[in-house]
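Work through the exercises below with the sequence and the model at hand. Each task is followed by a worked solution.

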Amino acid sequence: MQMLFRQIPSLDRLLKQPQAVEFIEKFGYSAVVKTLRLLLEQARVSIQQTQTLPSFFADETTLFTQLEHQLTQSQKVELRTVFNMTGTVLHTNLGRGLWSEKAVESATNAMRNNVALEFDIDAGKRSHRDLYISQLLQQLTGAEAACIVNNNAAAVLLMLATFAKDKEVIVSRGELVEIGGAFRIPDIMAQAGCKLVEVGTTNRTHLKDYRNVINENTAFLMKVHTSNYQIQGFTSSVSEEELVALGQEFHLPVISDLGSGSLTDMKLLNLPAEPMVQQKVAAGVDLVSFSCDKLLGGPQAGIIVGKKAFIDQLQSHPLKRVLRCDKVILSALEATLRHYLFPEHLCQDLPTLHLLTQSLENLQEKAECLKNTLSKRLDSRYILQIEVSQAQIGSGALPTERLPSLALTITSEKQSDLLALEKQFKSLPCPIIGRFSEQKFWLDLRSVAQFDQLIEMLSLNP
Ligand SMILES: *Cc1c(COP(=O)(O)O)cnc(C)c1O
């Protein structure tokens, strides 16, 4: 054993080798020392436990190769790129949608340069960071003004905290949504310091239910879009128009959390209908909040549009400072919203809408291409088939609607072979994420962007 210990080189000597000097130049002194110390410690432990030296101590060249490998690994960003073949286009766990090329361009420009974020160039004085987007949203939605925050959850929190702290908010029992990630309407109310007053029943709420509980401590009437579930059968709910009329009678504002919402008519794109922001504004709702990274197809942010007097109050609440967006997100959001000025091009320009509206013929072509590529990789244990599948929008948008799609399914006699294959897919340079169902592994074609890169990766990597 002593002999083995003596074979371990000293740190000082290793650091003087030309290879080490080169690595210090490239990775920095402290990283090289730290990694070498770890390798030397590994050697000592290995001798104690197994009376052998680790294989990478065979000679100095091997040791330096190992050192370089570990140093390179430790520099890699761990948030990996993946191919989304789950069939859920806006998959929250996979980062939801992709930005348009224009949005990416604007964002990288804002990263590399100073921008006039809160600066009026002509007047040479301070302006407001939400100004340009607010002007665009006035044009797109007919609302008087807008306020931009970190996400829609933040938008809801800000509206509640600004107008309903220590006061009551009336919501239908049919709309007490939980959307995952611990966002529940009752909990958000508690966080904002307001009292939730539930009215009606799970399936039926009437205007008189709201009217009956209004009192001097009521802050506003609230609508929440039941984005991730649907109540069917003997149901009844109160429309925005009716609530607005009731609100006017008692001088109470009406606010609406739309969840995804949309700025364009999804039915014209042959997609399931989603409430439109413009319609809620036209119905007289005082404040409407919605997400920027659901159907809108932009970066993570939340938008509140509505009456200027109310937006001004949101803008001056201390929480707005906590929840505001940075220049990169605001640039990407502005670029995304500008696409809506040219609605005919939306499905080309916005990746989310592009994926959602791809024709089945198009998906068939991709499925065949993928099948060809994979059949060259996989041995006879695996059977490949192109099958009809049901994709979904995801992120709680239109939960009960399924989108017709196609998938490549893979079956195998032995379940263990299928599991091994899934593992293999996940260990590719850019992991492929699919789903298991009915003892098959499904690779859905509707949700995958960068299809050419997928094929290239599968052709190049063994
Ligand atoms: C998705 C959703 C939210 C939260 O939006 P994020 O942008 O994910 O924060 C809030 N309310 C409803 C009804 C939703 O569907």
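**Exercise 1.** Identify which residues are around the ligand, then find its polar contacts.

Solution. The residues around the ligand are R96, N151, N152, A153, I179, F183, H225, S227, D257, G259, S291 and K294, where near means a heavy atom within 4 Å. This is a predicted model, in which local features need pLDDT of at least 70, side-chain atom pairs count only at pLDDT 80 or more, and totals for chains, interfaces and linings use all residues. Residues are numbered from 1 along each chain as its sequence is written, and side-chain values use heavy atoms, with hydrogens and water left out.

Next, look for polar contacts (pairs of N or O atoms within 3.5 Å). A ligand oxygen atom lies 3.0 Å from a side-chain N or O atom of R96. For K294, the distance from a ligand oxygen atom to a side-chain N or O atom is 2.9 Å. At N152 the partner is a polar backbone atom, 3.1 Å from an oxygen atom of the ligand.

Finally, take the cover: the protein covers 94% of the 380 Å² of accessible area that the ligand has on its own (Shrake-Rupley method, 1.4 Å probe).

**Exercise 2.** Describe how helix α8 packs with helix α13.

Solution. Start with the geometry: α8 (residues 152-164) and α13 (residues 308-315) pack at about 100°, and their axes are 10 Å apart. The axes are lines fitted to C-alpha atoms over the stretch in contact, with angles from 0 to 180 degrees between N-to-C directions. α8 is therefore roughly perpendicular to α13 (65 to 115 degrees).

Then list the contact (heavy atoms within 4.5 Å). From α8 come L158, M159, T162 and F163, and from α13 F310, Q313 and L314.

Note on methods: Helix = DSSP H or I, 4+ residues; strand = E, 2+ residues; numbered from the N terminus. Parallel < 35°, antiparallel > 145°, perpendicular 65-115°, else oblique. Polar contact = N/O pair within 3.5 Å; in protein donor to acceptor, adjacent residues only side chain to side chain.
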